[in-house]
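Trainee: I should like to learn how to read a structure that is new to me. May we take its features one by one?

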Amino acid sequence: MKKKILLILLGVMPLVAMAQPSWVKKATKSVFTLKTFAEDGSLIGSSNGFFTSDKGDAVSNYTPFKGASRAVVIDASGKELPVVSIVGVNDMYDVVKFRVNGKTQPLAISSATTPVSSQVWLLPYHEVKNVPAGTIRKAETFQAEYEYYTVALTMPANTVSTPLINQAGEVVGLMQQPATDKDTLSYAVSARFADSLKISGFGMNEATLLQTKIKKELPDDQKEAVLALYMASSRQDSASYVNMVEDFIRKFPKAADGYMYRAQIEMSTNNFAAAEKDMETAISNSTQKDDTHYNYARMIYNKIIFQADVPYDNWTLDKALEEIRLANTLNPQPTYRQMEANILFGQKKYSEAYDIYSQLTNTNLKGAEVYFSAARCKEMLKDSTAMLALLDSAMNCFTKPYLKEAAPYLWARAQARLQAKKYREAISDMNDYEELMVANINDNFYYLRYQAEVDGRLYQQALNDITRAIVMNPKETFYYAEKASLEIRVGLYDNAIATAKESISVDANDSDGYLFLGVAQCLKGNKKEGIPNLQKAKDMGNLQAEALIEKYK
């Protein structure tokens, strides 16, 4: 019996000796240590990972990248390779795919699900003597095609993101952070999932990606890359965005979009010659030349309208007009005609511009903006009747209760109605404007409406509004003078006296306070105090005071 047991033990011994697979020594060359650093050079974190291609693609966990400005990997030979870009991220499973600069030796990734009860090995960085082995206990499917493994294995310290490898030497998973160091069950997320990560066009602005300052890799699909540029323009810091545009041009040198985006950057720094050169390249490369001519016309127009203080002789409104007419010849579009009208308006060719805006009211661009633009033409042509009618048409594009989009047109019509001396109609527009923009209303708004109310003989409303202006800007003595003047006008002499005294308390060097105080006192019959106050206003240089002194003496 003892002899039989001994024979069985001898039969097991070769299995133990062969427990470490033959692929271990070669596989260790694909595992690395990752280190990430803040902008000041301080270490943020470290982890592990492995290469998935011979061109520098690698995977690890994402946590060390958060807040990082720079990262490196140290391979099995001790060579340090800089991380050049983030290829894709998934924060839920804490995995990242990135790219290093240099030729690398990858691990093969299993294309199949590893069956339950299969033996697997965790391959630590630089560890070849004792490779921990475990058994697959569970393989749960997520996103319909990837596995999340539960492994009967206690992870050694500092082995997060090391590869979990099957008998054939293929990676099946990326080790996850255990709950405790002594857990007998460990977890790994599919290596195929980690290697499949990529950034989509919309994903460029994801909060997760914005947590790291390391450059993000543009999508390989050109349309997705263009979308990524567009999304990044509003969220990325300027330096990162400039680098992204340069990356796009390197990746898609024959695409027009990169040159157009770079021209916009150059224009913002007043480098118009470089912008011109890039736009010419964009037109040459473009497969949609009408759109590129349109963008060039718009760029020239915006420079002349908004950056007129920096001259550039090559760009004129005539040049912009030439470009937009080329665009419309190639592919007639209402948008191109609208830009043509804008340029003509800038050239003060108001009748020609109006004709185009009028035509656009019969297209899909019919709306408040087109009617407003046409109204501006009529304003410049001194046709106030037509201007008001067009502003009415602009407001007819909205229904009550108005949304904020209506606010600019309400304000424009209010100003036009004031000029036409339609005070009460103007006040109605200003009331609607106030309701829409209450959070942005300032003292000047209330002063302007006060003036309209005075002209419209709505004196109580006018007093209410000038009081609101004072409350919002109590240091502006001009408002006190306006209020006191109106109070005198409507016979509220005691109120005018109080307002004038308040003005003097704010600024005793403002002669208007003494002027209106004196007038109110004289009108109330108190010339004994009133005339000395008028005299004080005169002594301070107030030009109205002398005539009033003569009047009330």
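Mentor: Certainly. Please keep in mind that this is a predicted model. We begin with a pair of helices: the axes of helix α8 (residues 289-306) and helix α10 (residues 334-346) come within 11 Å and cross at roughly 25 degrees.

Trainee: How are α8 and α10 oriented, parallel or antiparallel to each other?

Mentor: An angle under 35 degrees counts as roughly parallel. α8 and α10 are therefore roughly parallel to each other, and their crossing is left-handed. On the α8 side the contact is made by Asp-290, Asp-291, Tyr-294, Arg-298 and Tyr-301; on the α10 side it is made by Thr-335, Tyr-336, Met-339, Asn-342 and Ile-343. Sorted by class, the contact of α8 with α10 has five nonpolar, two polar and three charged residues.

Trainee: At what angle do helix α9 (residues 317-330) and α10 pack?

Mentor: The angle is about 160 degrees, and the axes of α9 and α10 are 9 Å apart. Here the relevant cut-off is 145 degrees, over which a pair counts as roughly antiparallel; α9 and α10 are therefore roughly antiparallel to each other. The crossing of α9 and α10 is left-handed. From α9, the residues in contact are Leu-317, Ala-320, Leu-321, Ile-324, Arg-325, Ala-327 and Asn-328. From α10, they are Tyr-336, Arg-337, Met-339, Glu-340, Ile-343, Leu-344 and Gly-346. This contact of α9 with α10 divides into nine nonpolar, two polar and three charged residues.

Trainee: Let us turn to strands. What holds the strands of a sheet together?

Mentor: Strands of a sheet pair through backbone hydrogen bonds, and the pairing may be parallel or antiparallel. In this model, a closed barrel of six strands runs β1-β2-β3-β6-β5-β4, with antiparallel pairing. Neighbouring strands of this sheet are turned by 40 degrees against each other on average, direction ignored. One pairing in it joins strand β4 (residues 70-74) and strand β5 (residues 80-90) in the antiparallel sense over three bridges, and there Ile-74 stands opposite Glu-80 in β5.

Trainee: In which order do the strands β7 to β12 run in their closed barrel?

Mentor: The order of that closed barrel of six strands is β7-β8-β9-β12-β11-β10, with antiparallel pairing. Its twist averages 45 degrees from one strand to the next.

Trainee: How many bridges join strand β8 (residues 133-142) to β9?

Mentor: Seven bridges join β8 to β9, and these strands run antiparallel. Lys-138 has Thr-150 of β9 as its bridge partner. β8 and β9 form a hairpin with three residues between them; in the turn, Gln-143 has a positive phi of about 50 degrees. β9 is also joined to strand β12 (residues 185-190) by five bridges, again with the strands antiparallel. Ala-152 has Leu-185 of β12 as its bridge partner. Strand β11 (residues 171-175) pairs with β12 in the antiparallel sense over three bridges, and Met-175 stands opposite Ala-188 in β12.

Trainee: Why is strand β9 (residues 146-152) described as largely enclosed by the rest of the structure?

Mentor: The reason lies in burial: six of the seven residues of β9 are buried, so this strand is largely enclosed by the rest of the structure. For a single residue, consider Leu-164, which is found in strand β10 (residues 163-165). Leu-164 has a relative accessible area of 0% and is buried. Leaving aside residues up to four places away in sequence, Leu-164 touches several residues, among them Val-120, Trp-121, Ile-136, Val-151, Met-175 and Ala-188.

Trainee: What should I look for in the backbone itself?

Mentor: Most residues other than glycine have a negative phi, and most peptide bonds are trans, so departures from either pattern deserve a note. Asp-94, in the loop between β5 and β6 (95-100), has a positive phi near 55 degrees. Arg-457, in the loop between α16 (443-455) and α17 (459-472), has a positive phi of about 60 degrees although it is not a glycine.

Trainee: Is Arg-457 buried or exposed?

Mentor: Arg-457 is exposed, with a relative accessible area of 60%.

Trainee: And which peptide bond is cis, with omega near -5 degrees?

Mentor: That is the bond from Lys-400 to Pro-401. Pro-401 is placed in the loop between α13 (384-395) and α14 (407-419).

Technical notes
Residues are numbered from 1 along each chain as its sequence is written. This is a predicted model: local features need pLDDT of at least 70, side-chain atom pairs count only at pLDDT 80 or more; totals for chains, interfaces and linings use all residues. Side-chain values use heavy atoms; hydrogens and water are left out. Axes are lines fitted to C-alpha atoms, for helices over the stretch in contact, and angles run from 0 to 180 degrees between N-to-C directions. Helices (H or I, at least four residues) and strands (E, at least two) are DSSP runs, numbered from the N terminus. Angles under 35 degrees count as roughly parallel, over 145 as roughly antiparallel, 65 to 115 as roughly perpendicular and the rest as oblique. A crossing is left-handed if the near helix is turned anticlockwise from the far one by less than a right angle, and right-handed if clockwise. Contact means heavy atoms within 4.5 Å. Ala, Val, Leu, Ile, Met, Phe, Trp, Tyr, Cys and Pro count as nonpolar, Asp, Glu, Lys and Arg as charged, and the others, Gly among them, as polar. Buried means under 20% relative accessible area, exposed over 50%, partly exposed in between (1.4 Å probe, protein chains only). Two strands pair if DSSP finds at least two bridges between them.
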